[in-house]
Amino acid sequence: MRPASGKTIAEKILSEKSGSDARAGDIVIATVDLAFLQDSTGPLAIRQLEESSLRSIANPQRTILFLDHASPSPAQELSNDHIFLRQFARKNGCQLFDIGEGICHQLVIESYANPGDVIVGADSHTVTAGGVGAFATGMGSTDIAIAIALGKTWFRVPESLKVVITGRFRNGVYAKDLILHLIGMIGAEGATYKSLEFGGEAIANMTMSQRLTIANMAVEAGAKVGLFPSDEVTKQYLEARGRGEKYRPLQADPDANYEQVIEIDAVRIEPTVSRPHSVDNTAPARELKGIKINQVFIGTCTNGRLEDLGVAAGILGGRRCHPNTRLIIAPASKEVLTKAIEAGYIQTFIEAGAVILPPGCGPCVGMHQGILANGEACLSTANRNFKGRMGNPESYIYLASPATAAATAIAGEITDPREFM
């Protein structure tokens, strides 16, 4: 007989969406609230759908296609894929976000994701929407094709790890430092197919942008989802986005069963960097002083939001990039770009010597716009730094916060941002 203990956030959402008493380890079939594709993985998913016997779409208005990974397209093959996706969207009445609109994960957050939703995407960083309390996860193209056709999919209900963050960040420390610190602690496979559920004083005081940064990188520890409780911060965010009616409080029960509880004191965290070629290869930024950086990239689904650009602009204001270091900025969406222009951030970046890219993934996936030369090193606000991630296996990628990135662009070497605060 099942224990009568309470449920984690993951168990609650999958119980509701499957109409069952879902517990960790169970296999459930859950209704999908939103399914999406992007231009890198989308063509395969659509071809799988068209080759199957399931050619209909269960919910066209909640099936979304994004052209963001090669935006604008740098090659004829990718341009042809874009045409293919546009035609599919028109034919089936799906939503389409064309080039320049922004990164899929940011746009899902801006316009669609709500607490308690089940969201699946053909991209591993679909987990970003966990920041608003959605069970959001990436799946393979074939799985997404089936979810689009049926409006449901199967899950093994994940065991959960509870991450409790107490205290407050010190000056110069941000959400990116926290998640890099955590992954450095538990390893890149430390939460494989688990639900990372975040709570504690520091989490309660975090902005939505900070929560999204952490949820986005849950998958870098192997997690199936990274979940935040839906609280007053969530409510205010949804109200500001014009969908306040979608708010619902959602949190784990006090007696929920966790596989492990990890406690971190926020005051002990300092600006952190992931070194090549693994995200869990972390060290304090101050210990890496002297490592020359050829290119700094600020953007991506991890740290391309307005708050991130504001942090970087605050450091870069009145300063110039090092003559041997290129600085590339890519806002996460058109809305972020527009607001960054209004706030004066873009002017600050240009005066500092930066190159501004259109909203999209930019150099992150190594398809265009900022591919590194042999032997070059980049410090990026992205989420991955394995060999070849940015298009050249003979280059080196470091990961850090927008603050550390801005300080590094000025100094030309990895630099603790507190030196400029």
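Trainee: Why does Glu 270 count as buried?

Mentor: This is a predicted model, so everything here is computed from it. Glu 270 has 16% relative accessibility, and buried means under 20%, so Glu 270 falls on the buried side of the cut-off.

Trainee: What makes Glu 270 and Arg 418 a salt bridge?

Mentor: Their closest N and O atoms are 3.5 Å apart. The cut-off is 4 Å, so the pair qualifies. The two residues come from distant parts of the chain, 148 residues apart. Glu 270 sits in the loop between strand 11 and strand 12, and Arg 418 in the segment after helix 14.

Trainee: And why is Arg 418 called partly exposed?

Mentor: Arg 418 has 27% relative accessibility. Partly exposed runs between 20% and 50%, so the label fits. Arg 286 gets that label too, at 47%.

Trainee: What about Arg 286 and Glu 287, what makes them a salt bridge?

Mentor: The closest N and O atoms are 3.8 Å apart, and that is within 4 Å. Salt bridges with shared partners then join Glu 270, Arg 286, Glu 287, Asp 416 and Arg 418 into one network.

Trainee: How many salt bridges does the structure hold?

Mentor: The count is 24. One of them pairs Arg 211 with Asp 231, with the closest N and O atoms 2.9 Å apart. Arg 211 belongs to helix 8, while Asp 231 is in the loop between strand 10 and helix 9. They are 20 residues apart, and the pair links distant parts of the chain.

Trainee: Is Arg 211 buried or exposed?

Mentor: Buried: its relative accessible area is 0%, and the cut-off is under 20%.

Trainee: Which residues of helix 9 are buried?

Mentor: Thr 234, Tyr 237 and Leu 238. Looking down the axis of helix 9, you find these buried residues within an arc of 95°, so they line one face of the helix. There's a general reason to expect such spacing: an α-helix has 3.6 residues a turn, so residues three or four places apart point the same way.

Trainee: What covers the buried residues of helix 9?

Mentor: The cover includes helix 4 and helix 8.

Trainee: How do you know that Thr 234 is buried?

Mentor: Thr 234 is at 0% relative accessibility, and anything under 20% counts as buried. Leaving out residues up to four places away in sequence, Thr 234 touches Pro 115, Val 132, Met 208, Arg 211, Pro 229 and Tyr 247. Arg 211 in that list is the salt-bridge partner of Asp 231.

Trainee: How many disulfides does a search of the whole structure find?

Mentor: Zero. Take Cys 301: the nearest cysteine sulfur, in Cys 364, is 6.3 Å away, and a disulfide needs the sulfurs within 2.5 Å.

Trainee: Why is Cys 361 not bonded to Cys 104?

Mentor: Cys 104 has the closest cysteine sulfur to that of Cys 361, but the distance is 6.2 Å, too far for a bond. Cys 361 counts as buried at 8% relative accessibility. Cys 301 is buried as well, with a relative accessible area of 8%.

Trainee: Last one: which residues make the nonpolar surface patch of about 360 Å²?

Mentor: Ile 27, Ile 29 and Trp 154. Of these, Trp 154 lies in strand 7. Patch members need over 30% relative accessible area, so each of the three is above that value.

Methods: Residues are numbered from 1 along each chain as its sequence is written. This is a predicted model: local features need pLDDT of at least 70, side-chain atom pairs count only at pLDDT 80 or more; totals for chains, interfaces and linings use all residues. Side-chain values use heavy atoms; hydrogens and water are left out. Patches are made of residues with over 30% relative accessible area and no salt bridge: like charges are joined within 9 Å, nonpolar side chains (Val, Leu, Ile, Met, Phe, Trp, Tyr) within 5 Å. Accessible areas come from the Shrake-Rupley method with a 1.4 Å probe; for residues, only the protein chains shown count as cover. A salt bridge is a side-chain nitrogen of Lys or Arg within 4 Å of a carboxyl oxygen of Asp or Glu. Helices (H or I, at least four residues) and strands (E, at least two) are DSSP runs, numbered from the N terminus. Buried means under 20% relative accessible area, exposed over 50%, partly exposed in between (1.4 Å probe, protein chains only). The arc is that of the directions from the helix axis to the C-beta atoms. Contact means heavy atoms within 4.5 Å.
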